[in-house]
Amino acid sequence: MKIKKRWDVFFIVNGKRRSLTIEPHWTLLEVLRDHLGLTGAKKGCDRAECGSCTVLLEREPVYACQVLAVQARGQRITTIEGLERNGKLHPIQQSFVDHDGVQCGFCTPGFIMTANAFLERTRRPSPDQVKQALSGNICRCSAYAKIIESVLAASRRGKRTRA
Amino acid sequence: MVGKSLTRLGAAEKVTGRLQYTGDLKLPGMLHGKILRSPHPHARIVSIDTSAAEAMPGVVAVITPKDIPPNRRLQSDLAVLDWTVRFVGDEVAAVAAVREDIAEAALERIRVEYEILPALFDPLEAMKPDAFPIHPGGNLAGKPIVLERGSVEAGFAQSQHIFEGTYTTQVHCAAGMEPRAALARWEGDSLTIWKSSRGVHMVDRPALAQGLGIPAEQVRVICPAMGGGFGSKDETRMGTLCALLARKCGKPVRLEYTREEEFIAGRSRHPSITHLKVGISRSGEITAIHARTIMSKGAYMSSGNAVIRRCGQGSLYLYRTPNAKYEGTLVYTNLPVAGSYRALGAPQGQFALEVHMDKIAEALSLDPLEFRRRHHVQPEGQPGERQTPPGELVSDQPVEGGIPFSSNRLSECLRLGAKAIGWQRRWHSPNSSPGHQKRGLGMAMGLYRGGLAHKAGAEVEVHPDGSVEIRVGTIDVGEGAFTTLLQIGAEALGIEPSRVSILGGDTATTPEAPVTSGSSTTFSMGTAVKEAATTLREKILDRVCAHMGTSRESVSWNKGAIQITRPTKKKVSWKEAVALLSPEERRVRVEIRPGSTEFVINSFAAHFAEVEVDTETGKVTVVKYVAAHDSGRIVNPVAAQNQVEGGVIQMLGFALTEELLTDLKTGVTLNGNFLEHKVPVIVDLPPLKTIFVNAPDPAGPFGAKALGEPPSIPVAPAISNAIYNAIGIRFQDLPITPDKILDKLRLQERD
C-alpha cells in the first residue's frame with residue numbers, strides 16, 4: 001500500500017472554510033499556527049501535557065498537538081481567535097479580564113477554550129467542578145485562584161457561552 | 001491611582017490570543033533552527049562531520065565549534081559551541097533549514113566523535129582538590145563567599161545549647177509555559193533579535209555583543225512578550241546560536257526550544273546542602289547563627305553569584321543576633337545549568353533556617369509562633385559589628401548591625417497570619433491527631449532584600465494631544481509590572497491612567513534599565529518613573545505660571561486640570577497646559593541609583609499552612625494556607641494578590657512534588673516533562689488567604705516595596721513544619737514526596 005504524501009483538505013475554522021494541502025504527519029496545531037496564521041493556540045509542550053494548545057473540534061476541547069490534521073479534515077474548529085463577536089469579547093474572555101485570570105497569558109487561550117466547552121455543558125458549576133474541568137491545563141504563574149473566579153463569574157454572567 | 005486595582009495592561013490581547021510571543025513571530029524567508037546536544041555528561045569533541053547534514057535538501061547552514069573564532073572563547077555562560085561539552089544536553093552544533101522537521105532530521109546526520117572525560121555529579125566530590133576539572137580554573141565557581149557579623153565563635157562560647165542540622169534542596173525547574181525562543185535578523189553588520197528575555201539592556205545586549213564579537217550599538221534586542229520566566233530566562237546562549245545561524249544563512253532564523261529542552265537546557269533552581277549551627281543562651285537568646293551552604297552550579301556559571309549570596313540572607317538577617325556568619329560555595333558539576341529562579345537562593349537558605357528554628361522552638365518547649373515572635377529581627381535592625389572586609393561586601397546589602405530597616409512589619413505579618421489561620425485555637429502538639437488522616441499546622445517567616453537595582457532609567461513624554469507615553473527598558477514578565485509602573489506614572493502626573501501608555505522591552509526605543517530581577521521593578525523602576533513624571537508635572541506647572549503671569553502658590557491640580565486662583569480664577573485644561581511646552585520640554589528622561597545608605601530595605605512575610613497527611617498513602621493535602629506580607633503600600637491589590645497566590649502555589653511544587661532527576665551513571669535527565677516533573681495544577685489549589693499589611697515604606701515610590709519573589713520563600717518550610725506537626729516526623733530534604741513520608745512512617749512505627 002502506498003502512503004498518500006499530500007492531502008488536499010478543508011476545515012471550517014472559526015466559521016470559515018479553509019482549504020489547503022497538508023502532509024499526513026502534520027498536527028492540527030502545526031496547521032493552525034504555521035499554515036493558517038492562527039497563533040493563539042500555543043505550543044507549550046507538544047506532547048499532551050499542558051493544554052496551552054486547546055481548541056474546539058466540533059465543540060469538544062482537544063489538545064491540538066495530539067490531533068493529526070488529516071483526522072480533523074472537513075470538521076468545525078474553533079480557536080481563541082474565533083470567540084469575539086463584532087469586536088466584542090466573549091463573556092468568558094471578558095470575565096478573565098475583569099477578574100485578573102491572567103498573568104503572563106501564555107496558557108490563557110487554552111484555559112478559555114476548555115472553560116468554554118465546559119460551561120456549554122454545565123450551566124451553574126461548583127468551584128470543584130471548575131477545578132476538575134480545568135485540570136488538564138497548566139498555568140505555571142499559578143493564577144489558579146483567579147482563573148476559578150473568572151470561570152465562575154462567567155457562568156453567572158452570560159447566556160452566550162457557546163463559541 | 002496607586003492602591004487601585006486597575007485592569008492589567010494587555011489583558012485583552014492575552015485573552016484573545018492576539019499577543020504575540022517570540023515563537024509566534026514570522027519574517028519573510030525565515031528559516032528554522034535546531035540544536036544538536038551532547039549525549040555525554042563530559043567529553044571533548046574530537047571531530048565533527050557535517051557533510052551528510054549539509055547535503056540534505058532544505059538544510060541551509062550548520063554551525064559547529066569550527067565556526068567560533070578561537071579568540072572569542074568567553075567565560076562560562078556566554079561562550080557557545082566549545083570543543084568541550086559539560087552536561088548531557090550541552091550544545092554541540094546547530095542547523096538551520098527551511099522547515100523545523102528537516103532541521104531536526106539533519107541533526108541525526110551530524111557525525112561527532114567524542115573523547116569521554118570523567119563526569120562529576122556530586123558537588124561534594126567535585127569540590128575536592130584532586131577532582132577532575134570541569135573548567136580550566138577548577139570546580140569552584142568563583143571564590144566562596146564569607147559574610148560575618150560579630151563573632152560566631154564568641155557567640156557559641158556564650159551559649160548553653162547548640163543545635164546543628166543539615167538540609168538539602170533539589171534541582172527545581174522554573175518551567176515557564178513558553179519554551180524559550182529567539183528570532184534573529186541581520187541587516188548588514190547589525191542584528192535585531194526578538195527573544196524571551198528578562199533583561200534586554202543589561203543581560204542580552206552585552207552578552208550577544210560579546211558572543212558575536214560586535215559592538216553593542218549594533219545589537220537591538222526586543223522582547224515582544226514573556227510567557228513566564230520566573231527569573232530563569234536570563235540566558236543568552238540560545239540567542240547567540242540563533243544569531244550565528246542567521247548570519248551564516250544570510251536569512252532570518254527562528255529557534256524554539258522543545259519542552260524537554262526547556263527543562264534540560266533552560267535554567268533551574270540550584271540544589272543546595274546547608275549546614276546550620278545555632279547557639280542559644282541560658283536566658284533563651286540566640287547567641288550565634290552559622291550557616292554553610294554548598295550549591296551545585298551545574299556546568300556553567302549563569303546567575304550563580306547572586307544565588308549563593310541570597311541564600312545567606314535569612315541566616316544573617318531574619319533573627320536578631322549579634323553574631324552571624326554565612327559561608328557559601330558554588331561548585332561546578334556535569335549537571336544541567338542552574339541559574340536564577342524566583343528569589344534566587346533565598347528559598348533554599350530559608351527552608352533550612354525555618355525548619356531548624358522550628359526544631360529549636362520545640363527543644364525549648366516553645367510554641368513555634370511564640371519563638372519567632374520573641375526572636376525575629378525588629379525594625380531597628382541587627383546588633384553587632386561587621387567582620388567581613390569591605391571589599392567583599394555589596395554596598396546595598398549590608399551585613400553589619402546598627403542600620404535600621406526603612407520599614408519592618410514582620411510582627412504584623414505574624415499577628416495577622418496567625419489570627420487568620422486560628423493558630424492559638426488550633427495548634428496542637430505534634431502527632432496528636434487521631435486516625436490515619438492526620439492534620440497539622442506549621443508556619444515560617446521570610447525576608448527578602450528586594451527592590452534595589454543598580455541603575456534604573458525611565459522616560460516620560462507627553463504628546464501634543466495630551467496623551468502620555470512612559471518608556472522603560474524593563475520587561476513585563478507576566479507579573480503585571482507595566483500596569484503598576486503606569487499607575488505610579490499616572491499618580492505622579494495627577495492624570496487619569498487612560499491617558500497614559502507604556503512601552504518597554506526594546507533596546508532601541510527605551511532608556512537603559514536593569515534586568516527584571518530581585519523584585520526590583522516596582523521599587524527601582526517605579527522610583528525612576530515617579531521621578532520622571534514628577535519632573536514633567538513640575539515643568540508643566542512652571543510653564544502655566546509663566547504663561548498666566550502667576551506664582552506657584554496660586555495654582556493647583558484639580559482632576560487632571562490646573563486650577564488658577566490668582567490673579568483671576570481660571571481653569572487650564574491638561575491639553576492647553578501641555579501645548580505651552582516645547583517639543584524638548586515635553587520629554588523627560590531620568591536615571592537613578594535607587595537605594596539607601598541609612599536604611600536596609602527588605603520585604604517580609606509570614607506564612608501559615610494546615611496540612612492533612614494520609615499515613616496510609618503518604619499523600620499530603622494542603623487544607624488551608626495563609627500568606628501575610630509586608631511589601632509596603634500595595635500599588636495594585638488584585639494583581640498583587642494574584643502574584644502572591646501564584647508564588648505560593650508554584651512553591652508548593654518545590655515543597656512537595658517537583659524535582660528534576662538525573663541518572664547518576666549517565667548524566668541523562670530522566671524527567672524533562674510536565675508529567676514527571678510534577679508542577680501544581682488547578683486541583684492542587686488550597687483555600688488560600690492573602691494578607692497585606694499595606695503600610696507605606698518611607699523609601700519606596702508611593703510607599704511600595706518588593707513583592708514578586710517574597711511569596712516563594714516561606715512556603716517549603718511552612719509545609720515541612722506543618723507535616724511535622726501532623727505526624728511528628730521532620731523532613732529536611734526537599735521535595736517531601738509520599739515515598740519519603742511512608743519510609744519514615746515505617747521507621748517511626750518500628751521504633
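In this predicted model, B:Arg269 has B:Gly339 as its bridge partner, and B:Gly339 lies in strand 18 of chain B. Strand 18 and strand 14 (residues 268–269) of chain B run parallel and are joined by two bridges. Both belong to an open sheet of three strands in chain B, with the order 9-14-18 and mixed pairing. Strand 9 (172–173) and strand 18 (338–339) of chain B each have a single partner strand and stand at the edges, so that one side of each is left without a neighbour in the sheet.

Chain B also meets chain A, in a contact to which chain A gives 40 residues and chain B gives 42 residues. On the side of chain A that touches chain B, at least two residues are supplied by each of helix 2 (91–98), helix 3 (108–121), helix 4 (127–133) and helix 5 (144–157) of chain A. The largest share of that side comes from helix 5 of chain A, with four residues.

Within chain A there is a division into domain 1 (7–82) and domain 2 (91–157), and the centres of these two domains of chain A, taken over C-alpha atoms, are separated by 21 Å. The two domains also touch, with 15 residues of domain 1 of chain A in contact with 13 residues of domain 2 of chain A. On the side of domain 1 that touches domain 2, strand 3 (54–57) and strand 4 (60–63) of chain A each supply at least two residues, and strand 3 of chain A gives the most, with three residues.

The table sets out the residue classes of the two contact sides described for chain A.

| Side | Nonpolar | Polar | Charged |
|---|---|---|---|
| Side of domain 1 of chain A that touches domain 2 of chain A | seven residues | five residues | three residues |
| Side of chain A that touches chain B | 19 residues | 11 residues | 10 residues |

Strand 3 of chain A appears again in the surroundings of helix 1 of chain A, where strand 2 (16–22) and strand 3 are among the elements that cover the buried residues of the helix. Helix 1 (residues 28–35) of chain A is mostly covered, with six of its eight residues buried. Which residues of helix 1 of chain A are buried? They are A:Leu28, A:Leu29, A:Glu30, A:Val31, A:Leu32 and A:Arg33, a list in which A:Glu30 and A:Arg33 stand beside the leucines and the valine. Just after helix 1 of chain A comes A:Gly37, which takes a positive phi of about 70°.

Key
Residues are numbered from 1 along each chain as its sequence is written. Chains are lettered from A and ligands numbered from 1 in the order in which they are written. This is a predicted model: local features need pLDDT of at least 70, side-chain atom pairs count only at pLDDT 80 or more; totals for chains, interfaces and linings use all residues. Domain bounds come from an automatic or database domain assignment. Two residues are in contact if their C-beta atoms, placed from the backbone, lie within 7 Å. Ala, Val, Leu, Ile, Met, Phe, Trp, Tyr, Cys and Pro count as nonpolar, Asp, Glu, Lys and Arg as charged, and the others, Gly among them, as polar. A residue is buried if 20 or more other C-beta atoms lie within 10 Å of its own, exposed if 12 or fewer, and partly exposed in between; C-beta atoms are placed from the backbone. Two strands pair if DSSP finds at least two bridges between them.
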